[in-house]
Amino acid sequence: MKETQAYIERVKRVNRDSQRLELAVDRSLSSLLAGQALLVRRIEKDYESEHWDPYLRELWFPVEVQTSNIVVVEQPAKAQFVPGQLLSIIGPVGRPFRFRRKLRNILLIAYQTTPAALLMMLPSLLTKQVSITMILMGTARQYDTNHLPEELEIVRADDNMTWPDMVMTLGWADQVFAIVGQGSELHYFGEIMKLIRQRRNDVPANYIFGVMQRPLPCGVGACHACILKLRGEQKLQCVDGPAFDLTTLRLN
Ligand code: FES
């Protein structure tokens, strides 16, 4: 992990609610993998000499690494970004997602948030012919998916957070990655686990992972603000995450 400078090369609207930013970044970030994030601050030209500060940056999960120095992120359309904007980036932050060796079917769940932090895994999984179903629940149901790969199966849950063939989908999935809205992560993950436990007798270890996207004050394991309680141990989101086995995380 290191600090580098980048700039927004292009801003592209991809649908009604989302825009994608192409960031011209240092080559060291071209090896980013799905699950790893960037800590980003918008800066001015004299930033390095006058305003350097490692803290309170935005956490951005890339959706694509295009070439050796272009990384793409997805942001809400209402956020204001302009080409040429300079950025200070600390990254990569966190560990890549770990997939099962024999992965055939994967279930992605977005609840009260956009699924953006899960999108970077799509191209490599589709190349390996993994079947992917994405469930959108709560406010995530409003997320416009027209720009996503057509091989993806998209299901919008009903008001009770259920969908047709739910038991079958949960049995079909070899692995599940869930992402939830910020501010009440442990509560939302708790709701998802309750739903799954009502429909699966057994929820094995390494089956369902919650992807944490809480703000990271330092991102390097120094402040311990991102500590999480797991059964029998404590872990740091910035160093050990962002994905945690939901059968071990202490949920609300
Ligand atoms: S953000 Fe400071 S230790 Fe994780």
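A residue is counted as exposed if 12 or fewer other C-beta atoms lie within 10 Å of its own C-beta atom, and as partly exposed if the number falls between that limit and the 20 or more that mark a buried residue. In the predicted model described here, this scale applies to two residues with an unusual backbone. Q129 has 8 C-beta neighbours inside 10 Å and therefore counts as exposed; its phi is near 65°, a positive value in a residue other than glycine, and Q129 is placed in the loop between α2 and β9 (131–137). Q112 likewise has a positive phi, of about 65°, although it is not a glycine, and is located in the loop between β8 (105–111) and α2 (122–127). With 18 other C-beta atoms within 10 Å, Q112 is partly exposed. Such values deserve mention because most residues other than glycine have a negative phi, and most peptide bonds are trans.

Departures from the trans form are also present in the model. The peptide bond that leads from G91 to P92 is cis, with omega near -5°, and P92 belongs to strand β7. A cis peptide bond also leads from G241 to P242, with omega near 15°; P242, by contrast with a strand position, is found in the loop between α5 (237–240) and β15 (243–245).

Strand β7 is part of an open sheet of seven strands, in which the order is β4-β3-β7-β1-β2-β6-β5 and the pairing is antiparallel. At the edges of the sheet stand β4 (58–60) and β5 (62–67), each of which pairs on one side only. On average, and with direction ignored, neighbouring strands of this sheet are turned by 40° against each other. Within the sheet, strand β1 (residues 2–13) is joined to strand β7 (residues 86–93) by six bridges, the two strands running antiparallel. One feature of this pairing involves G91, the residue that precedes the cis bond to P92, since G91 in β7 is the bridge partner of K2.

The domain assignment of the protein chain yields domain 1, covering 2–93, and domain 2, covering 105–245. The C-alpha centres of the two domains lie 23 Å apart, and 20 residues of domain 1 are in contact with 18 residues of domain 2. On the side of domain 1 that touches domain 2, the elements that give two or more residues are β3 (37–43), β5 and β7. Of these, β5 gives the most, with three residues. When the residues on this side of domain 1 are grouped by class, 13 are nonpolar, three are polar and four are charged.

The largest nonpolar core has 62 residues, and those with the most contacts inside it are L108, I109, A110, Y111, L118, A178 and V211. Strand β8 gives the most to this core, with six residues. Because domain 1 (2–93) and domain 2 (105–245) both give residues to the core, it lies between them. The surroundings of V211 can be described in further detail: with residues up to four places away in sequence left out of the count, V211 touches A117, L118, F177, A178, I179, P242 and A243. This list includes P242, the residue that follows G241 across a cis peptide bond, as well as L118 and A178, which are themselves among the residues with the most contacts inside the core.

Definitions and conventions: Residues are numbered from 1 along each chain as its sequence is written. This is a predicted model: local features need pLDDT of at least 70, side-chain atom pairs count only at pLDDT 80 or more; totals for chains, interfaces and linings use all residues. Two strands pair if DSSP finds at least two bridges between them. Helices (H or I, at least four residues) and strands (E, at least two) are DSSP runs, numbered from the N terminus. Axes are lines fitted to C-alpha atoms, for helices over the stretch in contact, and angles run from 0 to 180 degrees between N-to-C directions. Domain bounds come from an automatic or database domain assignment. Two residues are in contact if their C-beta atoms, placed from the backbone, lie within 7 Å. Ala, Val, Leu, Ile, Met, Phe, Trp, Tyr, Cys and Pro count as nonpolar, Asp, Glu, Lys and Arg as charged, and the others, Gly among them, as polar. A nonpolar core is a set of buried Ala, Val, Leu, Ile, Met, Phe, Trp, Tyr and Cys residues joined through C-beta atoms within 7 Å.
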